[in-house]
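The following exercises concern a single chain and are to be worked with the sequence and coordinates at hand. Each task is followed by a stepwise solution.

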Amino acid sequence: MIAETSMAKPLKKLVSCVILDLDGTLLNTDGVVSEVLKGFLTKYGKQWDGREAQRIVGKTPLEAAAAVVEEYGLPCGKEEFLAELHPVFYAQLCNIKPLPGASRLLKHLSGHGVPMALASNSPRGSIESKISYHQGWKDYFSAIVGGDEVTAGKPSPEIFLEAAKRLNREPSSCLVIEDSM
């Protein structure tokens, strides 16, 4: 019994907050992204076959656009691709569902007073739009950091370091929950 008690105290001090990714971790955005890309690529006589899915997961929107434009040999630049795709994707935000257990996890952590931050490569406005469709989610987070608020997107640790800073926590005391490398 003494060993358990002495172990519990240091472990409890080890993690003082949680930093979560959004797309693919809390929200099932992959299906919506695939549907939007399928529709968009047909305009260019191309067919989305998912081969780029792994190359775009966890990337900034501009990095993902560059990968798709290159892979499919599209006759447009990555900025033009994003400009055309953006309104179509935003129209689908209301259809993005939480992943199983996501709402329960947020409620549990919040109920136990665990400070939380969102750290996503998505632009800040996109993050806020996505979570606005899920009642109470915005209130769970003490900090939100978008990919447009840091100089280097994931896999650089900069976004997580910024989230820790906004939570007023040492990075070594943060637990990060992320779905990509």
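**Exercise 1. Overall architecture**

Which pattern does the chain follow when read along the sequence?

Solution. The model is a predicted one.
Step 1. Assign the secondary structure: the chain has 9 helices and 4 strands.
Step 2. Place these elements in sequence order, which gives the pattern α-β-α-α-α-α-α-β-α-α-β-α-β.
Step 3. Determine the extent along the principal axes: the C-alpha atoms fill a box of roughly 70 × 30 × 25 Å.

**Exercise 2. The sheet**

Determine the strand order of the sheet and identify the strands at its edges.

Solution.
Step 1. The 4 strands form an open sheet with the order β3-β2-β1-β4, and their pairing is parallel.
Step 2. β3 (143–146) and β4 (174–177) each have a single partner strand, so one side of each lacks a neighbour in the sheet and both stand at the edges.
Step 3. Neighbouring strands are turned against each other by 20° on average, direction ignored.
Step 4. Consider one pair in detail: β1 (residues 17–20) and β2 (residues 116–120) pair in the parallel sense over 3 bridges. Val18 has Met116 in β2 as its bridge partner.
Step 5. Add the helix that lies across the strands. Helix α9 (residues 158–166) lies across β1, β2, β3 and β4, and runs at about 155° to β3.

**Exercise 3. A helix pair**

Classify the relative orientation of α4 and α5, and describe the residues of their contact.

Solution.
Step 1. Two packed helices are described by the angle between their axes and the distance between the axes.
Step 2. For α4 (residues 61–72) and α5 (residues 78–91), the angle is about 110° and the axes are 9 Å apart.
Step 3. Angles of 65 to 115 degrees count as roughly perpendicular; α4 and α5 are therefore roughly perpendicular to each other.
Step 4. On the α4 side, Pro61, Leu62, Ala65, Ala66, Val68 and Val69 take part, and they meet Lys78, Glu79, Phe81 and Leu82 of α5.
Step 5. The residues of this contact divide into 8 nonpolar, no polar and 2 charged.

**Exercise 4. Two domains**

State how the chain is divided into domains and characterise the contact between them.

Solution.
Step 1. Domain 1 comprises 17–28 + 95–177, and domain 2 comprises 29–94.
Step 2. The C-alpha centres of domain 1 and domain 2 lie 23 Å apart.
Step 3. Domain 1 contributes 16 residues to the contact, and domain 2 contributes 14 residues.
Step 4. About 1,300 Å² is buried between domain 1 and domain 2, with 55% given by carbon and sulfur atoms.

**Exercise 5. Backbone geometry**

Where in the chain are Pro155 and Asn168 found, and what are the omega and phi values concerned?

Solution.
Step 1. Most residues other than glycine have a negative phi, and most peptide bonds are trans.
Step 2. Lys154 and Pro155 are joined by a cis peptide bond with omega of about 15°. Pro155 is in the loop between β3 and α9.
Step 3. Asn168 is not a glycine, yet has a positive phi of about 60°. Asn168 is in the loop between α9 and β4.

How values were computed:
Residues are numbered from 1 along each chain as its sequence is written. This is a predicted model: local features need pLDDT of at least 70, side-chain atom pairs count only at pLDDT 80 or more; totals for chains, interfaces and linings use all residues. Side-chain values use heavy atoms; hydrogens and water are left out. Axes are lines fitted to C-alpha atoms, for helices over the stretch in contact, and angles run from 0 to 180 degrees between N-to-C directions. Helices (H or I, at least four residues) and strands (E, at least two) are DSSP runs, numbered from the N terminus. Angles under 35 degrees count as roughly parallel, over 145 as roughly antiparallel, 65 to 115 as roughly perpendicular and the rest as oblique. Contact means heavy atoms within 4.5 Å. Ala, Val, Leu, Ile, Met, Phe, Trp, Tyr, Cys and Pro count as nonpolar, Asp, Glu, Lys and Arg as charged, and the others, Gly among them, as polar. Two strands pair if DSSP finds at least two bridges between them. Domain bounds come from an automatic or database domain assignment. Buried area is the accessible area (1.4 Å probe) that two parts lose on being put together, summed over both.
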